[in-house]
Amino acid sequence: MLSTTMLRRALSGKTTFCLARLLSSRQVNKFSDSTAARDESSGTSNTANELQNEPAAGNVEIPSGEENVSRLLKEAATYSDAKDTSWMTNPYPADAPTSVEAEPAKPKIDPLGTCIVLFPGQGTIKVGMVQKYLRFPQARELFEIANEILNYNLLKLCLNGPQEKLDETRYNQPATVVSSLAALEQLREERPRVFETCKATAGYSVGELTALIFSGALTFEDGIRLVSVRGAAMQYASDKFPQGMLSVHCTPQARLSEACKDAQKWAQDCGVEVPVCQVAIYLYTQSKILAGNNEALEYIEKNANKYGLSKLTRLPVSGAFHTKLMEPALKSFGKMLHTLEFNEFRCRVYSNYKGHEYGNTALIRKYLPKQIVSPVRWEQSMQLLYNRSPGTAFPRTFDVGSRGRMSMILKLINAKAHEHCIVV
């Protein structure tokens with residue numbers, strides 16, 4: 001702290017001019033302000049009276065501005081020699097990070113503590129398959145509610161058949177959705193935490209409605225009404241022309257696009273009014289499902305070797321689903337869809353039409369009708385769903401209600417993800 005004598009000397013005679021210049025400098029503004037404040041509080045600010053008693057300016061040695069600053073800084077008080085630091089205070093907790101780099105890492109969620117649920121599409125359910133789920137009271141209750149909404153005994157059809165009737169689109173689609181939800185009751189009983197830890201879900205074709213019900217976006221009752229209309233509408237579209245679906249395996253030399261184009265031309269030459277032959281489902285890299293008129297599919301079957309196609313199998317469905325041959329189904333389906341209200345998703349739901357997750361529930365009204373007449377991008381959805389950095393573990397996956405079919409497809413898309421897949 002400056003002594004009174006030093007201040008008097010600094011303020012005397014010709015030094016006044018130099019000090020004024022020094023105090024105007026930006027380098028000492030803060031220092032001068034604090035000095036003035038201390039002088040005022042100690043009653044030494046009356047410089048006019050003191051200047052009358054000081055010696056003449058000519059007898060005083062005038063130090064330069066830099067010398068004054070150096071001396072003042074040298075004589076300033078420091079705490080470098082203080083040994084006891086208990087007097088120091090800190091506004092932050094003792095364990096608070098002192099820099100960005102020192103911030104504690106956020107705890108990571110163990111992928112194996114989360115799960116993904118997959119649901120099957122039409123054509124997987126067989127007579128008697130649901131029997132094993134009926135030991136769970138809520139599974140039986142689901143069928144009872146569905147029976148009231150559908151106005152026929154769905155449970156009896158699922159248990160006793162005949163299989164030919166169960167395979168019809170109008171019956172198979174509601175049966176597929178309800179039986180998958182019944183299988184969930186086994187999962188609820190055996191692994192109740194699945195419903196808390198599920199991060200994402202996807203359903204193959206009509207299974208997308210099952211996934212939307214599971215996610216909470218659709219109520220069970222509304223979901224059954226919607227799948228009932230969907231099944232009946234797609235059955236109606238299927239009955240307009242002889243049509244179907246064909247699974248093919250593509251060799252490295254496969255010319256699938258050329259095969260579809262030639263098959264469509266063949267159907268047109270045969271007198272088909274609306275010739276269609278296209279990829280309806282992108283299953284996995286080597287396998288695609290084609291759909292179209294029977295004439296076009298028959299052409300593919302007879303000329304498979306020519307186009308590098310093998311392992312051809314007709315699907316047990318009566319329609320060319322996910323092609324424009326399903327356009328007659330859109331009117332009634334869209335009408336029902338627009339009467340429904342949707343809730344927020346409890347987990348991510350992946351769209352067949354887009355190949356990625358729904359951004360919001362408003363897109364349900366947009367995507368579901370387009371899914372009926374557009375290819376199912378199943379492989380693309382699975383690639384996005386299971387995309388992980390190298391070395392990152394995969395979540396558990398539950399294949400619900402497909403008798404292992406969805407698990408098998410997952411293995412062909414992502415073998416590492418399949419290692420943690422459980423069939424329910």
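## Two open sheets

In this predicted model, five strands line up as an open sheet in the order S7-S2-S1-S8-S9, with parallel pairing. The edges belong to S7 (348–350) and S9 (421–423); each has a single partner strand, so one side of each is left without a neighbour in the sheet. Going from one strand to the next, the twist averages 20°.

Let's zoom in on one pair here. S1 (residues 115–119) runs parallel to S2 (residues 198–203), with 5 bridges between them. One spot to look for is Leu 118, whose bridge partner in S2 is Ala 202. Helix H11 (residues 207–215) packs on this sheet and touches S1, S2 and S7. The direction of H11 makes about 155° with that of S2.

Now for the other sheet. It's an open one too, with 4 strands in the order S4-S5-S3-S6, and the pairing is antiparallel. S4 (277–284) and S6 (309–314) sit at the edges with a single partner strand each, so one side of each has no neighbour in the sheet. Ignoring direction, neighbouring strands of this sheet are turned by 30° against each other on average.

Within it, S3 (residues 243–250) and S5 (residues 287–293) run antiparallel and are joined by 7 bridges. Leu 246 finds its bridge partner in S5 at Leu 290.

Here are the two strand pairs side by side:

| Strand pair | Sense | Bridges |
|---|---|---|
| S1 (residues 115–119) and S2 (residues 198–203) | parallel | 5 bridges |
| S3 (residues 243–250) and S5 (residues 287–293) | antiparallel | 7 bridges |

Notes. Residues numbered from 1 in each chain as written. Predicted model: local features only at pLDDT ≥ 70, side-chain atom pairs only at ≥ 80, totals over all residues. Heavy atoms only, no water. Pairing = 2+ DSSP bridges. Axes fitted to C-alpha atoms, helices over the stretch in contact; angles between N-to-C directions. Contact = heavy atoms within 4.5 Å.
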